[in-house]
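Here is a short, informal walk through one model. Have the sequence and the 3D view open while you read.

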Amino acid sequence: MYKKQMTFQKIVCMMMLIASALVFVYSLGISTDLYDALAKTILYPDYDLDQTYVTGSRVYYDMFKFNSDFTKASIGLIIVTLILFVTNTHARRKYYIGNYIAVGLSTAANVVMSIWCLTQITSFKAQYRNNVDFEALETFSKDWGTLYIGPDDTFWFDVGYVVFGILLLMSCLLILNVILKVIVMKAEKNAIGSRKGV
C-alpha cells in the first residue's frame, strides 16, 4: 500500500506543477485572437479607446490589466506549487506540519486563482459577444487583412474552463493524496504498535 501511495503522491505533485505551468501558458495566449482582430481597430489606443472603426473593440484593451495581473499571478501559482517540492511533499514517507501547510497553500491558491480568473474571463467573454459590432469587424478585416473572429469564436475564453478545471481536479487529487497518506501512516503506526506488543 505504501509503494502505491508514494507513487501516487509523486504523480499528483508533478501533475500539479504541470497544471500550474498550463495556467501560465494560457495567460500568455488568452488575448491572442483579440489582439489580431481588434487591436488595430482602435484609432488612439493611448488616450481614447472609444475612437474606433468597430464599436465594442475596446474589450481587448479593457482586458489588458487583467491579462497582465493574470500572468503575474500564474507565475506566483507556480512558485506556490514549488513549495510542494521544497517540503518534499512529493517524496516524503511521513508527512509533517510543513507538508500539510504546503498542500493547504497550494489548494487555496488554486481555488482563489480559479474563481478570480473564471469570473473575469466570463465577464470579458460576455462583453466581447454583446458589445462588438461583428458586421463592422468583418468589413474591417476584409479591408485591412486582419483576423476576423465572429461572436461564436470564443476559443481562448472557453479553453479557460478546461485549464482551470484541470487545476481544480489536481487540487482534489492533492487533498485525496493527503487523506490516503494519513490512512497509510495510521496503518503503519498500528502495525508497529502490534509488533511491539508481541
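Two residues are in contact here when they have heavy atoms within 4.5 Å of each other. Keep in mind that this is a predicted model.

Let's use that on Ala37, a residue found in helix 2. Which residues does Ala37 touch, leaving aside its neighbours within four places in sequence? The partners are Leu137, Thr146, Leu147 and Ile149. Is Ala37 buried or exposed? With a relative accessible area of 2%, Ala37 is buried, because buried means under 20%. Ile115 is another story: 78 residues along the chain separate Ala37 from Ile115, and their C-alpha atoms are 28 Å apart.

Now zoom out. The protein has seven helices and two strands, and along the sequence they come in the order α-α-β-β-α-α-α-α-α. The radius of gyration is 23 Å, whereas the globule rule gives 16 Å for 198 residues, so the protein is more spread out than a compact globule. Its C-alpha trace spans about 85 × 30 × 20 Å along the principal axes.

Here are some totals for the whole protein.

| Property of the protein | Value |
|---|---|
| Residues that count as buried | 39% of 198 residues |
| Contacts between residues 24 or more positions apart | 77% of contacts with a separation of 6 or more |
| Accessible surface | about 10,900 Å² |
| Carbon and sulfur share of the accessible surface | 65% |

Next, the empty space inside. Rolling a probe the size of a water molecule over the atoms shows where such space is left. How many cavities of 30 Å³ or more does the count come to? The count comes to one. The largest cavity has a volume of about 70 Å³.

What lines the largest cavity? On the earlier part of the chain you'll find Ile30, Asp33 and Leu34, and further along come Tyr128, Ile149, Asp153, Thr154, Phe155, Trp156 and Phe157. Helix 2 (32–38) and helix 7 (155–197) are the elements that give two or more residues to this lining. Helix 7 has the largest share, with three residues. By type, the lining residues split into seven nonpolar, one polar and two charged.

Two names tie the pieces together. Helix 2 holds Ala37 and also contributes to the cavity lining. Ile149 is in contact with Ala37 and is one of the residues that line the largest cavity.

Conventions. Residues are numbered from 1 along each chain as its sequence is written. This is a predicted model: local features need pLDDT of at least 70, side-chain atom pairs count only at pLDDT 80 or more; totals for chains, interfaces and linings use all residues. Side-chain values use heavy atoms; hydrogens and water are left out. On a 1 Å grid over the protein atoms alone, a cavity is a set of points where a 1.4 Å probe fits but cannot get out, and a pocket is an open set with protein on both sides within 12 Å along at least five of seven lines; lining residues have an atom within 4 Å of a point. Grid points are joined across faces, edges and corners, and a volume is the space filled by probe spheres set on the points. Helices (H or I, at least four residues) and strands (E, at least two) are DSSP runs, numbered from the N terminus. Ala, Val, Leu, Ile, Met, Phe, Trp, Tyr, Cys and Pro count as nonpolar, Asp, Glu, Lys and Arg as charged, and the others, Gly among them, as polar. The radius of gyration is taken over C-alpha atoms; the globule rule is 2.2 Å times the number of residues to the power 0.38. Buried means under 20% relative accessible area, exposed over 50%, partly exposed in between (1.4 Å probe, protein chains only). Accessible areas come from the Shrake-Rupley method with a 1.4 Å probe; for residues, only the protein chains shown count as cover.
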